Amino acid sequence: MKPKVAFFDFAGCEGDQLQVANLEENLLDLLGQVEVVSFREVMKEHSDNYDIAFVEGSCTRLQDEDRLKQIRKNAKLVVAIGSCAAIGGINSLKNYKDLDQVKKTVYGEHAALFDSYSARPIDAIIPVDAYVYGCPIDREDFLQVVKSLLLGKKPETPTYPVCVECKKNENVCAFERGQFCVGPVTRAGCNSCCVNEGTICWGCRGLIDNPNENSQKEVLIKNGLTVDDAIGKFRLYFGWQEAKR
Amino acid sequence: MKIISKEDFQSFVNALIQEDSWNVIGVKSRGNKFAFAPLDSADELHLDYDVTLLPPKKYFFPQRETLFTYDISNGFSAKNPEETKPMIIIGVHPYDIIALLHMDEIFRETKSDSFYFKKRESSIIIGVNIQKMSKYNFSSYMGCATVDYGYDLMITDLGNRYAINVGSQKGEDLLSKYAKNVTLALARDVQTAGQKKRGIMNQSEQEFKFPPELIPELLKDSYVKSGFWEKHSEKCLACGSCVLVCPTCYCFDVKDNPDLSLEHGERIRTWDGCLLEDFAKIASGENFRATRPTRYRHRYFKKGKYLFDRFGFVSCVGCGRCSSNCLPDIANPVNLFNDMYQESQNAGAQFATSIQPDVNIKTEGNIDYVPKLATIIKKVPMTASETLFEVKLEDGVELGHKPGQFVEVSIFGIGEAPISISSSPTKKETFELCVRKLGNVTTKLHKLNVGDRIGIRGPFGNGFDAESLKGKDLLFVAGGLGIAPLRSLFNYVLDNRKDYGKVFLLYGCKEPKEILFGEELLSLASREDVEFKSAVNWCPENETWTGSIGVITTLIPQVSFDPEKTIAVLCGPPVMYKFVIADLKGRNVPDDHIIMSLERRMKCGVGKCGHCQINHIYVCKDGPVFNYSKIKGVPEAL
């Protein structure tokens, strides 16, 4: 019997689910292996009977915790997809600002009507079995994780940084192009897609397990960034991880 | 030497590109840098480049390469990938040519790597002498700024024409078939070319403060230099850039890539690097080079000492790619070795030139990455996490292993894992694997049943020399799963009991429920020709235990043996060796009477991929069985 899968979203842009919906030529093959029972972005039907839950978005309100716990209860495997769910993501930028001010900026005069607390990845609330990193996730990487889970294998998530893939792809280093990149401390698995296109690594897959953060910040500053800008580079995606370290 | 005008050389290259039977590759610009890439026209060629991002190695040992494809939908089948087109690579600098010569020897040693050599042998190298040296290049110090061997054609720029040195018949044929207006060089051309070559030698901006021939000797005493490696690697990002761009690095990883059918897929090898965090980590979670300084040091030792001792060359050609790719600027070998030399000088050390080792590269056949198919014919659960599998090769051929050897077990789609063979070679037709559920392969293996098929490569490694142990008393010391490889020798000895003296078996594990081969061990109690002792670290209250309580070393005082006549055979978790060896030494057992089987991340099985390396030793082929006297001075061993 095909495993039943469901997709859920929390605070996020739903861009990761869009990547899944856009799997193109691989979509039919994937549907040959799993039965999708809930996926708000592409279908009306919903069922609470599922084996694998893919969760997008970070947890930014107390009341979201119950929903996450319910998903954990229903599912055999919970997979965090995308930066927000996996590492807190860009939402965690607000954790470095005054919460009332943040609410006022977003909701204006209605700020008092909305709940909010500091953004966090879903594993701050529930145990997570696998992660698909990225903002948005890389479709090939998503399929690799799914195939691993279907084969009963722990996904081989890289512990090395993006530089490894960048070098294999023979890119000219972003620093050599006068740009600033956090690839040396960011978890690989994206095939260095942004640098391949001539831009930089923003760090969307989060810090590697043991990053040399001081050295990386020194590199940024040595190449011309201000201290504040270097800190900003790290906060964009690493905000939650850095606060935890 | 021959001469061709630049115009005619362009036509020559274009004529080569027109041919369909090969791919023509050359140095092209990439951003403000250069890279080897397929040529569409001779106009794209930049023979005056300084250095390419990656070395031409990528065409013989690609970043990602399919070792074979598999199909498990209809029984099992695995097949080798199709052949690739020959290549003509234009514009290779001398240091990169010498780097390929290094790779040739490394990929030829012990077992030849046919994937590498198929591409290498069918290719044509058209070299070019350096016209502009990159800022970090120190190839002249390494003897690699010019080269007289290793190319099919070698070009030197003489202004409006090229001088061409012919290095092979293939090069000669290429020239005579595709190039027009090639003339013999005149004396002035030979002289100018010589001057150009010599001019290169003085262009390096890097400076060695001592003769680089001393590097192996210098490294010898610097392994434990206090704080040296920590200081130099403090800023290391462990990003692996230095090793990934290196023309002589060859470490790789092997993994499976199933397609979405989950039934077909490919086994691939990809570049790996010893600077990366998990490089020496095994499934149990033990990481044998866990810190950045240890990995950073390993890179320098591998290049400057280990490969020198094995092959007689310092495995660095001075291309400077590592230096230019290191963002914190700590990878420049010139700086590191100058510092090391300076510190040694300050300490008053004297260096003699490194002694050239005897190099004798032996090749016994090719590496076969395609496993043999085998069937699980018996599955005996032993503990909650260990199971004994009896396996039979499908081709009916015996495995033919020695005690102490290991096999690589494949489950297609999951991967490959090294497993020691638990059965004695005296057991014919089938063999046994005692497997702990730890990583992906072993976890999946536990879900398989009798009749299911797996892949087997091997046997690998040296194994125990059962012959040389004849007539000796044997003291087996096994900790936990360490009983698995020892059992192959132990049972062999029992099956040839009269050839050996007294036999002791000391076995320890954490608690009674973790005991492996329990019934077999119980039956030893009734044998008079074996003295068996066992211990557990603790025994829960609701269980009974009649043996000793404590770690394995509590058993050593319980047996009486003659240290001169006894060989101790050890296997257990890494933490065990230190303590057992200390106790054996306390009982006056000589160093060379202690042999042991070590565990590392054996991936390729033939001394290539680098994962199982303990300093200069490849556990997969030099081990896994070692005599203590040979490895006691090897810092990473115990």
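Colleague: Why is Leu53(B) called buried in this predicted model?

Modeller: Leu53(B) has a relative accessible area of 13%, and because buried means under 20%, the residue falls into that class. Leu53(B) sits in the loop between β3 (33-38) and β4 of chain B.

Colleague: What does Leu53(B) touch, leaving out residues up to four places away in sequence?

Modeller: With contact taken as heavy atoms within 4.5 Å, Leu53(B) touches Glu170(A), Asn171(A) and Val172(A) of chain A, together with Arg30(B), Lys33(B), Phe34(B), Ala35(B), Val245(B) and Arg321(B) of chain B. Gly455(B), by contrast, is 402 residues from Leu53(B) along the chain, and their C-alpha atoms are separated by 38 Å.

Colleague: How do you know that strand β4 and strand β13 of chain B are paired?

Modeller: Two strands pair if there are at least two bridges between them, and β4 (residues 64-71) and β13 (residues 264-271) of chain B share 7 bridges in the antiparallel sense. Within this pair, Asp71(B) stands opposite His264(B).

Colleague: What makes β5 and β12 of chain B edge strands?

Modeller: The open sheet runs in the order β5-β4-β13-β12 (chain B), with antiparallel pairing, and β5 (77-79) and β12 (252-258) each pair on one side only. Neighbouring strands of this sheet are turned by 25° against each other on average, direction ignored.

Colleague: Which partners does β20 of chain B have among β15 and β17?

Modeller: Strand β20 (residues 453-460) of chain B is joined by 4 bridges to the antiparallel strand β15 (residues 372-381), and Thr375(B) has Arg453(B) as its bridge partner there. Strand β17 (residues 406-411) of chain B also pairs with β20(B) in the antiparallel sense over 4 bridges, with Phe406(B) opposite Phe460(B). Both counts satisfy the requirement of at least two bridges.

Colleague: Where do the domains of chain B lie?

Modeller: The domain assignment gives domain 1 (2-201), domain 2 (371-410 + 420-460) and domain 3 (473-597). The C-alpha centres of domain 1 and domain 2 of chain B lie 45 Å apart.

Colleague: Turning to chain A, why are β2 and β5 said to stand at the edges of their sheet?

Modeller: The open sheet of 5 strands has the order β2-β1-β3-β4-β5 (chain A), with parallel pairing. β2 (35-38) and β5 (130-132) of chain A each have a single partner strand, so one side of each is left without a neighbour in the sheet. The twist averages 25° from one strand to the next. For β2(A) the pairing with β1 (residues 4-9) of chain A is parallel and has 3 bridges, which meets the minimum of two, and Lys4(A) has Glu35(A) as its bridge partner.

Colleague: How do you know that the span of α6 in chain A agrees with the expected one?

Modeller: Helix α6 (residues 139-150) of chain A has 12 residues and reaches 16 Å from its first C-alpha to its last, which is close to the 16 Å expected at 1.5 Å a residue. This helix lies across β1, β3 (52-56), β4 (77-81) and β5 of chain A, running at about 160° to β5(A). Among its buried residues are Phe142(A), Leu143(A), Val145(A), Val146(A) and Leu149(A).

Colleague: What makes Asp138(A) a cap of α6(A)?

Modeller: A side-chain oxygen of Asp138(A) lies 3.2 Å from the backbone nitrogen of Glu140(A) at the N-terminal end of the helix, and that distance is within the 3.5 Å limit for a polar contact. Following α6(A) comes Gly152(A), whose phi is positive, near 75°.

Note on methods
Residues numbered from 1 in each chain as written. Chains lettered and ligands numbered in written order. Predicted model: local features only at pLDDT ≥ 70, side-chain atom pairs only at ≥ 80, totals over all residues. Heavy atoms only, no water. Axes fitted to C-alpha atoms, helices over the stretch in contact; angles between N-to-C directions. Expected span 1.5 Å × (residues − 1). Buried < 20%, exposed > 50% of the residue type's maximum accessible area, 1.4 Å probe, protein only. Polar contact = N/O pair within 3.5 Å; in protein donor to acceptor, adjacent residues only side chain to side chain. Domains from an automatic or database assignment.
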